[in-house]
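Got the viewer open? Let's take a short walk through this structure, one selection at a time.

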Amino acid sequence: MTELKLPSIDYAAISPILIMLGTALLGVLVEALVPRRWRHVVQLTLALLAVLAALTMVVLSADERIITAGQALAIDGPTLFLQGAILVLAAMALLLIGDRSVERGGAFVAQAAVTAESADDRRQAEGRNGLTEVYPLTTFAIGGMLIFVAANDLLTMFIALEVFSLPLYLLCALARRRRLLSQEAAMKYFLLGAYASAFFLFGVALIYGFTSGIPGRTAGVDFATIHAAVGESPASPVLLFAGMALLAIGLLFKAAAAPFHVWTPDVYQGAPTPVTGFMAACTKVAAFGALLRVFQVAFADANWDFTPVLGAVAVLTMLVGAVLAVTQTDIKRLLAYSSIANAGYLLVGVLAPSRDGLAGTMFYLVAYGFSVLAAFAVVTLVRDEDGEATHLSRWAGLGRRSPFFAALFTFILLAFAGIPLTSGFTSKFAIFGPALEGGQAWLVIAGVLTSMVLAFPYLRVVVMMWLSEPGESTPTVTVPGGLTAAALTIGVLATLVLGVAPAPLLDLATGAAEFVR
Amino acid sequence: MSNFPFLSVLTVAPLVGALVVAFLPRHRPELAKQVAFAWSLLVLVLSVVMWVSFNAGGDRFQFRESYSWIPNWGVSFTFAADGIALVMLMLIAVLVPLVILASWHDAESSKRSVPVYFALLLVLECTMIGVFAAADVFLFYVFFEVMLVPMYFLIGSYGGHQRQYAAVKFFLYSLVGGLFMLAAVIGLWVVGGKTFDWQALSQVDISTGTERWLFLGFFLAFAIKAPFFPFHTWLPDAGGAAPAGAAALLVGVLDKVGTFGILRYCLPLFPEASKWFAPWALALGVIGIVYAALLAVGQNDLKRLVSYTSIAHFGFIGVGIFAFTTQAGTGAVLYMLNHGLATGLLFLVVGMLISRRGSSLISDFGGAGKLVPVLAGVLFFAGLASLALPGTAPFISEFLVLIGTFTVNKPVAVIATLGIILAAAYVLWMVQRTTQGTLNPALSEVDGMRRDLNLREKVVVAPLIALIVLLGFFPKPVTDVINPAVQATMDDIGRTDPAPSVGGTVQEAAK
């Protein structure tokens, strides 16, 4: 029997992942051992500290460029940049998740198993403290995302996908109010997510088949092997194309790109708003991190084959997101379609195969994450006694009732619309510039055209808030507690700073924008 | 003194003023107005100093300043002004204090915060100055887009009937143009070697096909902004709904960004494409002159009527620019200034009439001259200036455009001349229906109509009337500044004026 050779592992380089997963396990123990009234504080502190610790480790290993744990994890510039992004955005999301002053007891249900719309359900909605299991679930999800952007082979990637998806499915079902909507969202997300995972896994199998038969190499699904196989494999290219397509379906599903976007509006609407923000910011970063690595490392040499297809997907995504956003009457659904359209813009960045393109895409992810979290933070504040008032007609005249928050939200909407001096503009520039340079003028023109369409729904919200008279049913804006206020402040400030002085983050992104193979 | 960073200070100063005004307590509107007015006067004084220290015979671009902004993309805060920009900056500096003074009570009727109204006017001034002072394409684009935001809220929050519709239409139209320009800006950046500096970009050789596309991207944005036929439909709505002061700035200055952009960006950066597209642009200009004038004749709403007259005037400016002669070009730039003065005055006077009557419909007036003779007189003067009566400043510019065009393109000049006749029709008929004839009995029952111009309003109109008359007789100080800049622009596109000839050809005359 041959001796099993253990791969060497650089524990320092993967410590952010270990910290997050370890904390998640610790969080499960806290649930079991700490008295109920302390759990919320302990869990939130623990999660935030873990994120901070992980972030510190990311910053400390900023110059690391290695592949470790066999071929499983690549800790390189993009990994570290995206891990840092996920951690910063996750910290903001945790602030929103942890807030218990906006809604008594927090945004989460007290007992998820209570039958929706029953008397019990109404009682729990009135202010019993929410579940604290959300913190370990969130930390598990963050840990999974950290692996996802570092994964250097398709199996690791698949496992990471499941590790961060399963907690998200659960989190979606935990909204305190409108339980049916929330459960429906979770169910839909879970079923469609399971399909997407299956597609991904099938793609992995086909790619494995494709890599076999190269002289001097064993078959495998690590990216170096796939990269070599794209050039030399004797196997039929049909395997490669089918595998690539199936992998792309799995990843594009998570990225909310058309035509795999149908879950997005329902899930964004049904999920508790802090979780929606978490998904819109962090899941996007993770999904695009993986897309970038798969298509720019593993399949880099097949870019003649996938660029037209992914380009068509990008155009379709922009169109679907922009056009359907126009018809929305619910603010969370509107933001969901806007998020779909933004996935389209990000795909343009994925198809700009240059260092600037990669840097631009990463910059976009961070900038968008800050803005979208701030947007959802405002959504949690606009409420009446039945919870959040998400229907757009209820936002009429909000600018008159609470000019400060309406002004903040207007600023974020202007950022989404790409008005200069906001991060929305600089990030669009960061993506469209390299894309045009890479000869993808058609994608840039599609991006510009859909931006025009997309400006209309944003403007409609602005009109609602400022130019309409307040109606009887216009809710007031709750004064946010410290945690939400902190998240909102960070989001808005980042949107402004990245719009006015993007150079430092751009430098950081450009410095990081090189994959190791 | 010429080392003083005029342009950046001029750009930032109104913004600081806006912040000060915005944070003044809401229950002290008078204080906000006074601070805003004083601040705009300060800007005016500074601009006058800048005008004096501009050396008309010196470099094309003066007061150049450059600070690094986003080095990754070659973006910098570069400011510089040529004669054209200088004239426009002066126009802004003169108009804004007058507009603030004229809008003294406008914001009170809207139930909204009065300090915010004046803060928005100052923010608008900041962006307007920035857009003319920028010498970096990216910076220009930033101001070009950000300008929409204060104007949007001025129209949408403080406007009259249909203000929501007008504000959204204004914003979307401008944004559409702006996004096409963004695509072209990025394209220019890529072919220009990743720089945004105007002077570097004007040296770049671009292949013909690319150049035409980029020209189109810029031109579309400017044509919507100006606006030229057929992109004009937003202006009557926006001008009709905006409060009179904001409308004066919208038509008097904001729209000039379009024609200024063509002169500063389209012609020098894309000379070949400009020549190639010139016939089309001339056609749009001529159609605009006639079509908008005809529509103006038919208007029953005073502010919409004035908006249509300006579309016709922008037709003249467009013709002057694309005729590619120094005379026509100088005329066009002079027209930009004079139109700002004349139409600004017309809008403000019309605003005074409307606020007295409480209606902007011409049919609600009639014989108003008997009640408010001075106001009616000023309206008549503004109308005459607007139809370019000799002796008023617009006459000189219109005449320069026409003779400059006639030397190279007779049919265009002849059709454009028709515009003068139509201008007489819409102005005189409007004046007749509002202030002449028998007194509309309903009019004498309105309290406001018994008050003629008060001191504040006289202070508003007096400087504009004086400038219009002065420049009508003695335009030299302005043309001296404009001429070298226009000459340089014509050099950029490689056009020289046709040599004058009498009878035979030039060669014969030379013998």
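Before you click anything, one term: a salt bridge here is a side-chain nitrogen of Lys or Arg within 4 Å of a carboxyl oxygen of Asp or Glu. Keep in mind, too, that you're looking at a predicted model.

Now select B:Lys194 and A:Glu437. Their side chains meet in a salt bridge, 3.1 Å from N to O. The rule finds two salt bridges across the interface of chain A and chain B, along with four residue pairs in polar contact, both residues at pLDDT 80 or more.

Next, colour the helices of chain A that face the partner. α16 (403-417), α17 (423-437), α18 (441-467), α19 (482-500) and α20 (503-512) each supply at least two residues to the side touching chain B. Which helix gives the most to that side? That's α18(A), with eleven residues. By type, this side of chain A divides into 24 nonpolar, seven polar and five charged residues.

Zoom out to take in both partners: 36 residues of chain A are in contact with 35 residues of chain B. Between them the chains bury about 3,200 Å², 79% of it on carbon and sulfur atoms. Pick out A:Phe429, A:Met452 and A:Leu467, which lose the most area to chain B in chain A, together 22% of what that side buries.

Last stop, the largest nonpolar core, with 403 residues. Select A:Leu154, A:Phe299, B:Phe218 and B:Phe322, the ones with the most contacts inside it. Helix α14 (residues 355-381) of chain A gives the most to this core, with 19 residues. Finish on B:Phe322: beyond its close sequence neighbours, its contacts include B:Phe215, B:Ile262, B:Leu267 and B:Ser274.

Technical notes:
Residues are numbered from 1 along each chain as its sequence is written. Chains are lettered from A and ligands numbered from 1 in the order in which they are written. This is a predicted model: local features need pLDDT of at least 70, side-chain atom pairs count only at pLDDT 80 or more; totals for chains, interfaces and linings use all residues. Side-chain values use heavy atoms; hydrogens and water are left out. A nonpolar core is a set of buried Ala, Val, Leu, Ile, Met, Phe, Trp, Tyr and Cys residues joined through side-chain atoms within 4.5 Å. Buried means under 20% relative accessible area, exposed over 50%, partly exposed in between (1.4 Å probe, protein chains only). Helices (H or I, at least four residues) and strands (E, at least two) are DSSP runs, numbered from the N terminus. Contact means heavy atoms within 4.5 Å. Buried area is the accessible area (1.4 Å probe) that two parts lose on being put together, summed over both. A polar contact is a pair of N or O atoms within 3.5 Å; within protein, one must be able to donate a hydrogen and the other to accept it, and residues adjacent in sequence count only if both atoms are side-chain atoms. Ala, Val, Leu, Ile, Met, Phe, Trp, Tyr, Cys and Pro count as nonpolar, Asp, Glu, Lys and Arg as charged, and the others, Gly among them, as polar. Lists of a residue's contacts leave out its neighbours within four places in sequence.
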